[in-house]
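Me: Please take a close look at one part of this model with me, the central sheet and what lies around it. I am in my first year, so plain words and clear cut-offs would help.

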Amino acid sequence: MKTVLSRRAWLLLLVFLGCADEPASTSDAEAALARALAPPESVTNPGKLVHVLVALCDNRYQGIVPVPERIGNGDDPANNLYWGAAFGVKTFFKKSPDWTLVSTTRKPGPAILERCVFKHRSKSVYLIADAYRGREIRQTTIDFLQFAAGRDVEEIELPSGPKLNAGGAADLIAYVGHDGLMDFSVTAPSGTGSADRSAIILACASKPYFADLLRRTGARPLLWTTNLMAPEAYVLKSALDGWIAGEDGEAVRKRAAEAYNRYQKCGLSSANRLFATGW
């Protein structure tokens, strides 16, 4: 037999469980009950938000073909191939006429050496880019999957302007760097909530290596790769241009391929085969 509790009984149960204080009136009881049974408040941002996780290139701690020592030191973001070099995320976006650098923070977390926050000059879009120490590539991958699943929301305060909710509250999560899944295994959490999160994975053969994990997170693959590639920032920038303009995945993929061919001179046909969108 199904038992139906009265409003008062529900409230007493909440008090017993430590979820509410003893109310002073019936109206207080109703308000307390409504608060207790209401779903969690959604986390919002002042516009669209992109969170980019960069695993700094590291000759010593990553299974990569070694690059020149100056740009392959995973403890030196200023000169790193994927961050401070000409086509690194920080340098490329800092020089872009479409973005302005809002803030730079040193060591915002144990595995992160530097964080940059950019604001789009004409659209209400923020970009948070984190430079992870090269040896922390496994943690970078784990954090990316956590964010893709809508978890680990982090509030970021800017020197001036609104607070931003990053991590799992971002609309688009991107990974840039070596495909560490070629060297180690991780597990992925299941997605939370119903938010429409998208993901970009700029790493070698990211689609075959990340597919099962990303599917579990619930995020939608906006752009990833089918073969070896150089995960440089011009691809990310071109993909974001399309995403900000509201283009579909295929249009974003074409933008990425065109940018890659422009800089790599690999042939447009090869570039088109390199990038994929969706499942």
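Reply: Let's begin with a way of sorting residues: Ala, Val, Leu, Ile, Met, Phe, Trp, Tyr, Cys and Pro count as nonpolar, Asp, Glu, Lys and Arg as charged, and the others, Gly among them, as polar. By that sorting, the lining of the second largest pocket has 14 nonpolar, three polar and no charged residues. A pocket here is an open set of points on a 1 Å grid over the protein atoms alone, where a 1.4 Å probe fits and protein lies on both sides within 12 Å along at least five of seven lines; lining residues have an atom within 4 Å of a point. This pocket holds about 240 Å³ of space, where points are joined across faces, edges and corners and the volume is what probe spheres set on them fill. It has 17 lining residues, and those closest to its centre are Ile-64, Val-65, Tyr-82, His-178 and Cys-204.

A word on the source: this is a predicted model, in which local features need pLDDT of at least 70 and side-chain atom pairs count only at pLDDT 80 or more, while totals for chains, interfaces and linings use all residues. Residues are numbered from 1 along each chain as its sequence is written, and side-chain values use heavy atoms, with hydrogens and water left out.

Now for the wider view. The chain has eight helices and ten strands, which are DSSP runs numbered from the N terminus (H or I over at least four residues for a helix, E over at least two for a strand). Of its 279 residues, 49% are buried; buried means under 20% relative accessible area, exposed over 50%, and partly exposed in between, with a 1.4 Å probe and protein chains only.

Eight strands form an open sheet with mixed pairing, in the order β2-β3-β4-β1-β7-β8-β9-β10. At its edges are β2 (99-109) and β10 (275-276), each pairing on one side only. Two strands count as paired if DSSP finds at least two bridges between them. Strands of a sheet pair through backbone hydrogen bonds, either parallel or antiparallel.

Let's walk across part of the sheet. Strand β1 (residues 48-55) pairs with β7 in the parallel sense over five bridges. β7 in turn pairs with β8, again parallel and over five bridges. Next, three bridges join β8 (residues 198-202) to β9 (residues 220-225), and these two also run parallel.

You can follow single residues along the same walk. Val-52 stands opposite Ala-174 in β7, Ala-174 stands opposite Ile-200 in β8, and Ile-200 stands opposite Leu-223 in β9. Another bridge links Ser-198 to its partner in β9, Arg-220.

How covered are these strands? In β7 (residues 172-176), five of the five residues are buried. In a regular strand the side chains alternate between the two faces of the sheet. Both faces of β7 are covered, with Leu-172, Ala-174 and Val-176 buried on one side and Ile-173 and Tyr-175 buried on the other. β9 is mostly covered too, with five of its six residues buried.

Two residues show an unusual backbone detail that you can look for. Lys-107, in edge strand β2, has a positive phi of about 50° although it is not a glycine. Ala-205 also has a positive phi of about 50° without being a glycine, and Ala-205 sits in the loop between β8 and α5 (206-217). Their surroundings can be read from their accessibility: Lys-107 counts as exposed because its relative accessible area is 54%, whereas Ala-205 counts as buried because its value is 9%.

Finally, look at the loop between β3 (112-120) and β4 (125-132), where Ser-124 lies. Ser-124 has a relative accessible area of 39%, so it is partly exposed. Leaving aside neighbours within four places in sequence, Ser-124 is in contact (heavy atoms within 4.5 Å) with Pro-46, Gly-47, Lys-48 and Lys-119. Gly-47 is 77 residues from Ser-124 in sequence, yet their C-alpha atoms are 4.9 Å apart in space. For the chain as a whole, among contacts between residues at least 6 apart in sequence, 61% join residues at least 24 apart.
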